[in-house]
Amino acid sequence: MGAAGGGCGAEPPSGAHVFSSECTACHTLSGHESGHVLGGDLARRRMSVAEVESFVRVMPVRQRLSEDQIHAVSRYVAAAQARLAP
Ligand code: HEC
């Protein structure tokens, strides 16, 4: 690692980081169904990056996401689904 620098400020947004800070109140991405979260486990679905992105744009996140954050978290979720979904 290291090429992107070590701090939290100037790096391009990490999809995993955006997901854990903005999405995990309502979603998991574990492959295990968890009925007690509002939005549910996204790993049960299999969506394209564009499909995920269309949802991300309407999700009630706490703060407006930047375009970079939207792209990063959409790629992150779609890649995780491709790994986890049947
Ligand atoms: C305040 C709660 C909340 C937050 C925060 C939230 N979501 Fe959601 N999300 C929902 C609900 C509720 C649904 C609708 C679930 C349904 O209809 O089955 C949903 C649906 C989705 C879907 C479609 C799932 C499906 O099965 O059709 C995706 C993808 C998604 N959210 C991704 C995200 C991502 C990525 C984030 C973070 C950027 C996020 N959500 C933040 C509540 C939330």
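Three helices and two strands make up the protein chain in this predicted model. If you walk along the chain from the N terminus, you meet these elements in the order α-β-β-α-α. The chain has 86 residues, and 20% of them count as buried. Contacts also link distant parts of the sequence: among those with a separation of 6 or more, 58% are between residues 24 or more positions apart.

A good place to look next is helix 3, which covers residues 67–84. Helix 3 is 18 residues long, and the distance from its first C-alpha to its last is 26 Å, close to the 26 Å expected at 1.5 Å a residue. Several of its residues are buried, including Ile 70, Val 73, Val 77 and Gln 81. In an α-helix there are 3.6 residues a turn, so residues three or four places apart point the same way. Helix 1 and helix 2 are among the parts that cover the buried residues of helix 3.

To see one piece of that covering, find Val 18, which lies in helix 1. Val 18 counts as buried because it has 23 C-beta neighbours inside 10 Å, and 20 or more are needed for that label. Leaving out residues up to four places away in sequence, Val 18 touches Pro 13, Leu 65, Gln 69, Ala 72 and Val 73. Of these, Gln 69, Ala 72 and Val 73 are buried residues of helix 3. Another residue to compare with Val 18 is Ile 70: the two are 52 residues apart along the chain, yet their C-alpha atoms are separated by 8.4 Å.

Now turn to Ser 48, which sits in the loop between strand 2 and helix 2. Is Ser 48 buried or exposed? Ser 48 is exposed, because it has 12 other C-beta atoms within 10 Å, and a residue with 12 or fewer is classed that way. From this loop, look across to Gln 81: Ser 48 and Gln 81 are 33 residues apart in sequence, and 9.1 Å separates them in space, C-alpha to C-alpha.

Finally, there is the ligand. It is surrounded by 19 residues, and the closest are Cys 23, Cys 26, Gly 39, Phe 55 and Met 59. Helix 1 (15–23), helix 2 (49–56) and helix 3 each contribute at least two residues to this shell. Which helix gives the most to the shell? That is helix 2, with three residues. Sorted by class, the shell holds 14 nonpolar, three polar and two charged residues.

Methods. Residues numbered from 1 in each chain as written. Predicted model: local features only at pLDDT ≥ 70, side-chain atom pairs only at ≥ 80, totals over all residues. Near = placed C-beta within 6 Å. Helix = DSSP H or I, 4+ residues; strand = E, 2+ residues; numbered from the N terminus. Nonpolar A, V, L, I, M, F, W, Y, C, P; charged D, E, K, R; others polar. Expected span 1.5 Å × (residues − 1). Contact = placed C-beta atoms within 7 Å.
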